[in-house]
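Me: I would like to go through this model step by step, with each reply giving its reasoning before it settles on a value or a name.

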Amino acid sequence: MNTSVRKYLVLLLTMLLLQSCAVYVAYGLYRTVTDINATLTLVDKSITNIQGVLSEGKNLKRAAADGKLISTLAEKIPSLIQKDVALATKEKIVKLSGDLKFSSDDFTNKATAEDLPGAKKAYNDMTTTYGSFTDLMNDLSDSVGEPLR
């Protein structure tokens, strides 16, 4: 085999290796976004339930169970991050999940105590964090070329 053919063959194999590495990293981000979005769908359902209870303004303890569920889901989110996701992205996800857990714990405490003004404030904090989380997931979804489902 002549040397120019060998050079092209080595170049071709190197390009294929780099391409497969890029696909592997993109898959890790895709899997992370998909798994977290599934969890955020459950969070959204609980937030909707909480909103209904808050609009009634009484028997807030019914909403405390949804607050606990959101807290549990938020605690689970960091474990859904695949190992190939960039450190800055991991840090954002971990921070937002911690903020979501904190605000849902605060809501649960206020709802259990039947503190309507405090529960409403904690609910607003929780929905703001949830909104930031969904924005991040939309941005990450766009970066891997997969629409949010």
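What follows is a set of questions and replies on a predicted model.

Me: In what order do the elements of the protein run from the N terminus on?
Reply: The model is a predicted one, and the protein in it has four helices and zero strands. Read from the N terminus on, the order of the elements is therefore α-α-α-α.

Me: What percentage of the contacts in the protein with a separation of 6 or more is accounted for by residues 24 or more positions apart?
Reply: The protein has 149 residues, and buried residues make up 34% of them. Among the contacts with a separation of 6 or more, residues 24 or more positions apart account for 72%.

Me: What span is expected for α3 at 1.5 Å a residue?
Reply: Helix α3 covers residues 87–112 and has 26 residues. From its first C-alpha to its last the helix reaches 37 Å, which is close to the expected 38 Å.

Me: How far does helix α4 reach from its first C-alpha to its last?
Reply: Helix α4 takes in residues 116–143, a run of 28 residues. At the N-terminal end of α4, aspartate 115 acts as the cap, with a side-chain oxygen 3.1 Å from the backbone nitrogen of glycine 118. At 1.5 Å a residue the expected span of α4 is 40 Å, and the reach of the helix is close to this, at 40 Å.

Me: Is serine 103 buried or exposed?
Reply: Serine 103 has its place in helix α3, and, once its neighbours within four places in sequence are left aside, serine 103 is in contact with Ala122, Asp125, Met126 and Thr129. The cut-off for a buried residue is under 20% relative accessible area. Because the relative accessibility of serine 103 is 4%, this residue counts as buried.

Me: Which residues of the largest nonpolar core touch the most other members?
Reply: The largest nonpolar core has 33 residues, and those that touch the most other members are Ile93, Phe107 and Phe133. To this core α1, α2, α3 and α4 each supply at least two residues. Phenylalanine 107, one of the buried residues of α3, is in contact with Ile50, Leu54, Ala63, Gly67, Ala119, Ala122, Tyr123 and Met126 when its neighbours within four places in sequence are left aside. The names asked for are thus Ile93, Phe107 and Phe133.

Me: What separates aspartate 99 and lysine 95 along helix α3?
Reply: The side chains of aspartate 99 and lysine 95 meet in a salt bridge, at 2.7 Å from N to O. Aspartate 99 is partly exposed, with a relative accessible area of 29%, whereas lysine 95 is exposed, at 52%. An α-helix has 3.6 residues a turn, so residues three or four places apart point the same way. Because aspartate 99 and lysine 95 are four residues apart in α3, what separates them is about one helical turn.

Me: How far apart are the closest N and O atoms of aspartate 106 and lysine 110?
Reply: Both aspartate 106 and lysine 110 lie in helix α3, four residues or about one turn of the helix apart. Aspartate 106 is partly exposed, with a relative accessible area of 25%, and lysine 110 is partly exposed as well, at 28%. The two residues form a salt bridge in which the closest N and O atoms are apart by 4.0 Å.

Me: With which residue does the side chain of glutamate 56 meet in a salt bridge?
Reply: The structure holds six salt bridges, and the one at glutamate 56 has an N to O distance of 2.3 Å. Glutamate 56 is partly exposed, with a relative accessible area of 46%, and its partner counts as partly exposed at 40% relative accessibility. That partner is arginine 62.

Me: What is the phi of glutamate 114, which is not a glycine?
Reply: Most residues other than glycine have a negative phi. Asparagine 59, found in the loop between α1 and α2, has a positive phi of about 50 degrees although it is not a glycine. Glutamate 114 is found in the loop between α3 and α4 and counts as partly exposed at 35% relative accessibility. The phi of glutamate 114 is likewise positive, at about 60 degrees.

Key: Residues numbered from 1 in each chain as written. Predicted model: local features only at pLDDT ≥ 70, side-chain atom pairs only at ≥ 80, totals over all residues. Heavy atoms only, no water. Buried < 20%, exposed > 50% of the residue type's maximum accessible area, 1.4 Å probe, protein only. Contact = heavy atoms within 4.5 Å. Expected span 1.5 Å × (residues − 1). Polar contact = N/O pair within 3.5 Å; in protein donor to acceptor, adjacent residues only side chain to side chain. Core = buried A, V, L, I, M, F, W, Y, C linked by side-chain atoms within 4.5 Å.
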